[in-house]
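Good morning, colleagues. Please look at the model on the screen while I discuss its helices and its nonpolar cores.

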Amino acid sequence: MKFCIENKNYSFLDIYNCCHSNYNIELSDDVKSNILKSRKLVDELVESDKTIYGINTGFGKLSQIKIENKDINKLQENLLLSHSVGTGDSCPKIIVKIMILLKIISFTKGYSGIRIEVIDLLIELFNKNCLPIVPLKGSVGASGDLAPLSHLSSVLIGKGKVNFKDKIIDAKQALKKNNLRPIQLEYKEGLALINGTQFSTAYGVYCLFKLNQLMKIADIAGAMSVEGLMCSNKPFQNNVHSIKPFKGQLDVSSNLIALLKDSEIMSSHSGCERVQDVYSIRCMPQVHGPSRDLIYFSNKQINIEINSVSDNPLVFTKEKDIISAGHFHAEAVGHLLDVSCLAVASLSNISERRIFTLLLGEYGLPKFLVENPGLNSGFMMLQVTAAALASENKLLANPSSADSITTCSNQEDYVSMAPYSGRKLKQAIHNLENI
């Protein structure tokens, strides 16, 4: 199957499906034109001997140092090697694949000044499932996800390790097996490869795909609990929620009414004497709903980031200018990941409370949902596991993007911490799935 990258916007669902379903990607003619125009301007400016950050200067705090023309290519290789200092376990393969696709899409916008040959080699790695080994830890989410992207990009020059056919092998050997050759980086290219939010954004793509499924499952599990506890569906009626019309709340109440429609269990206790149900049942729209609103916000934000340029410096072909700015900063990504984690914590907590209520031995149900309780423990420990996971998710909901730490001799004095926001969200979602 082919996935042709064009001059258009993509959603996180497009990105996830392309990477999960083993599409082969290719470039359309219009995006190739963007890339070529961008590189042509960089060529012209280099020939003029103008001092341009990242092209013929050092990086970060060393940007005041001019690099001689004969050393410019070596500068780009040195950049990748010096920044490949990540640590910890290896990044999941699906995250690495998403990173590569996001990086390619960013380059096709025509603001990076990179040669098309470099992008072609990234496409080959993606299509052949020849995936760089990227350590999980080492990025603070500003000036780009430098360490993760350096490990990813070092494979292009024959350095580092690769996962190919479920074996970890040297990059140079992996390229040879695929009839590919390491590339000699030229001016601007090393910097373009490692500047960007693609590590943090890849976690956003993966996690939001999962989370959009789970918010539906939360409503389904909640409706089943309404039936199991023989609770009322009146609190979910449209006239109730029309006077507090948050979108997420309205969506959840509509879902619950639809799920419980024509339920024989619901109709069997229409005349019961119970006045009110517990909050974890009655307040599902008011708890699931705000969680949905946070996820809706995150969906919108991640789609903007996917279709944006997070490189630096930026190459503007119309204005014939190169501008050093701060699009590599991942604060927006960190925030969307952190609020998603808050949504996960809420869904985890209320789901665990429903499990607890189902095991109480009330509402006509046996204690711990088992015959002969005492002799049999039933589902007692299932709730304990759910409680442990929900408690962990409360801690994971603490926003890492509220933190910052100064790096690079004060040049990079405020950072986003978005990479950890992504890693902890992935863990929280795994816990929610189990709850």
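The expected span of a helix is 1.5 Å times one less than its number of residues; helices are DSSP runs (H or I, at least four residues), numbered from the N terminus. Helix H14, residues 284-306, has 23 residues and should therefore span 33 Å; its end C-alpha atoms lie 32 Å apart, which agrees. Among the buried residues of H14 (under 20% relative accessible area, 1.4 Å probe, protein chains only) are Met 284, His 288, Arg 292, Glu 305 and Ile 306.

This is a predicted model, in which local features need pLDDT of at least 70 and side-chain atom pairs count only at pLDDT 80 or more, while totals for chains, interfaces and linings use all residues. Residues are numbered from 1 along each chain as its sequence is written, and side-chain values use heavy atoms, leaving out hydrogens and water.

Ile 306 also appears among the contacts (heavy atoms within 4.5 Å) of Ile 15, together with Tyr 10, Ile 98, Leu 101, Leu 102, Ile 105 and Val 205, when neighbours within four places in sequence are left aside. In the largest nonpolar core, a set of buried Ala, Val, Leu, Ile, Met, Phe, Trp, Tyr and Cys residues joined through side-chain atoms within 4.5 Å, there are 87 residues, of which Ile 15 and Leu 101 touch the most other members. H9 gives the most to this core, with 12 residues. Apart from it lies another core, of 14 residues, including Val 226 and Leu 365.

Finally, H4 meets H9 through residues including Ile 98 and Leu 102 on the H4 side and Val 205 on the H9 side.

Notes. Helices (H or I, at least four residues) and strands (E, at least two) are DSSP runs, numbered from the N terminus. Buried means under 20% relative accessible area, exposed over 50%, partly exposed in between (1.4 Å probe, protein chains only).
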